[in-house]
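Q: Please take a close look at a single part of this model, the largest cavity. I would like its lining described, and then the salt bridges that bear on it.

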Amino acid sequence: MGMWKIQVTAMGQTYERTFEVKEYVLPKFKVSVTLPPYATKKGLEEDSLKGAIDVKYTYGKGVEGTANISLGFDRFKMIQLTRTKDLTVKGSSSFYFTKREIEDLFKQQYPWSQPQYLYSSRWYSLVVNATFEEKLTGRKASGESTISFFSSDVKLEFPSFNPNSFKPGLLFDAVLQVTQPDGSPLSPTRQQDMKVTIHRRFTYGEYESADAYTPKDGVIVIQIDVPSNATIVSLLAKYKDDINNKDEYGEQAYLNAEKALSPSSSYLQLQTSTPAVKLQTSTPAVKLLILTATNLYPSSKVITHFIECLCEKYTTGEMALIEPLENLEEHDFSLDSMFTEPKIVKKDTDLEVKMNSMFVVDGKVKKACKVLLEGDSGAGKTTLTKKLASDWAKGVLSGSSTFPEVELLLVLKCSEMKEGNQGGGIFQAIQEQLLPDEITVEERLVIFQYIKHNQGKVMVILDGFDEIPSQANSVKESLNKFFSVPLHSLHGLPN
């Protein structure tokens, strides 16, 4: 160690150089974990979840040592339980976990949930961590990767370029994109073997009988003759790997279009001989005309996305569960398996009312009314709220003769409402509890305006109405001001 000098003498001349010798430090190494882009239930049944660990020095040579592979479900950025394996690594190595190991770990961390929720919900992600110890020095380093689970290897999506308005009595064209969950294309063979059903409706009611389509080049082109009396155009695309499996929720995509504005109720449609026309910069007048016309149409894409977010929220996570009691974690507390309809009677009478008939007054479904459901603590009011939201999201209540046909069902927890800097109110509660985090200010305004001007299409369920904090005065004021409709009182009793 230290400073050294080399001296060379040749042909009567002397040369010397000085240099420093230091302790040798091995180059650093990097640990990488490689996983598939996604996993499906069927894929795990046919083959385990396989991954690979790759450890290399910074100059590219592989490192020898041992690795501990652990996997755990990431919930709110916290991993509570893990499953581990040890590997001998010589630069790289592979590992696998079986479907049973993954589902057992899921059951341990979420004892009140059912295994199928792992695949039907996108709330759960599995983190695979590799902690590597170098054989030569004992130094350690780690790397990790994350994978999500899906019920199918198929993803349905109506791209954003689809029209958000229609013209009564004329053609309506739409495009459905069919890909893998990560957006990569499906193989031609896979597309040939599948059938996607497209349901349609032209009024606020049940979807009509569906047509079956086979995608080509990853897309399905849909052309519909819109009736002259149509009030909406709503498309629902569905796909299931096993159409006979009632437990499989399947993949879905929605497209809603509103009636184009026309003061004279007259409409004109231009068509070309080619199905796909791209505007070029050399036609600025045409481009300006189309942009101007588009701005006149109601922006339904924002509402459609909001509905999709609500449906996912109401059928997954905590909304799909009944909170477990202490020491009962080993049982299945999913809403679908545990729910029992409570006994509901009309206040001051013995007249029993069914859950889905709470909005029937004098033998008719009231589209605008207030229903106050009272009951003791633990009688099942919150669970009933979750069940109504879940049934609405799954389309169970669509077309019901005893339940109002609503486009938006908003479930708000009154105990979480508060006074805000901008005056709080019902819209602040909607923003904080229901709106997606990534929503823009403009999109939020579109949703609020829709709620204000379409009260007949909106149902608001206030869970724990007596739990609104005393300081949230603006919430109570906005409720009384905004929803000025008759009150219909019921009383809930525990079974």
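A: For sorting lining residues, Ala, Val, Leu, Ile, Met, Phe, Trp, Tyr, Cys and Pro count as nonpolar, Asp, Glu, Lys and Arg as charged, and the others, Gly among them, as polar. The model is predicted, so local features need pLDDT of at least 70 and side-chain atom pairs count only at pLDDT 80 or more, while totals for chains, interfaces and linings use all residues. Residues are numbered from 1 along each chain as its sequence is written, and side-chain values use heavy atoms, with hydrogens and water left out.

Searching the whole structure gives three cavities of 30 Å³ or more (a cavity is a set of points on a 1 Å grid over the protein atoms alone where a 1.4 Å probe fits but cannot get out; lining residues have an atom within 4 Å of a point). The largest cavity holds about 130 Å³ of space (the space filled by probe spheres set on the points, which are joined across faces, edges and corners).

Its lining is made of 13 residues. Nearest the centre of the largest cavity lie Tyr204, Asn256, Glu258, Glu407 and Tyr450. By class, the lining has six nonpolar, four polar and three charged residues.

Three elements each supply at least two lining residues: β18 (232-239), β19 (251-259) and α6 (300-315) (DSSP runs numbered from the N terminus, helices being H or I of at least four residues and strands E of at least two). Of the elements, α6 gives the most, with four residues. Because domain 2 (155-259) and domain 3 (300-483) both contribute to the lining, the largest cavity lies between them (the bounds come from an automatic or database domain assignment).

On the charged side chains, the whole structure has twelve salt bridges (a side-chain nitrogen of Lys or Arg within 4 Å of a carboxyl oxygen of Asp or Glu). One of them pairs arginine 200 with aspartate 211, at 2.6 Å from N to O. This pair links distant parts of the chain, with arginine 200 in strand β15 (residues 196-201) and aspartate 211 in strand β16 (residues 211-213), eleven residues apart. Arginine 200 is buried, at 14% relative accessible area, and aspartate 211 is partly exposed, at 34% (buried is under 20%, exposed over 50%, partly exposed in between, with a 1.4 Å probe and protein chains only). Arg201, Glu405 and Glu407 are joined into one network by salt bridges that share partners. Glu407 is also among the residues nearest the centre of the largest cavity.

Technical notes:
1 Å grid on protein atoms, 1.4 Å probe; cavity = no way out; pocket = protein on both sides within 12 Å on 5 of 7 lines; lining within 4 Å.
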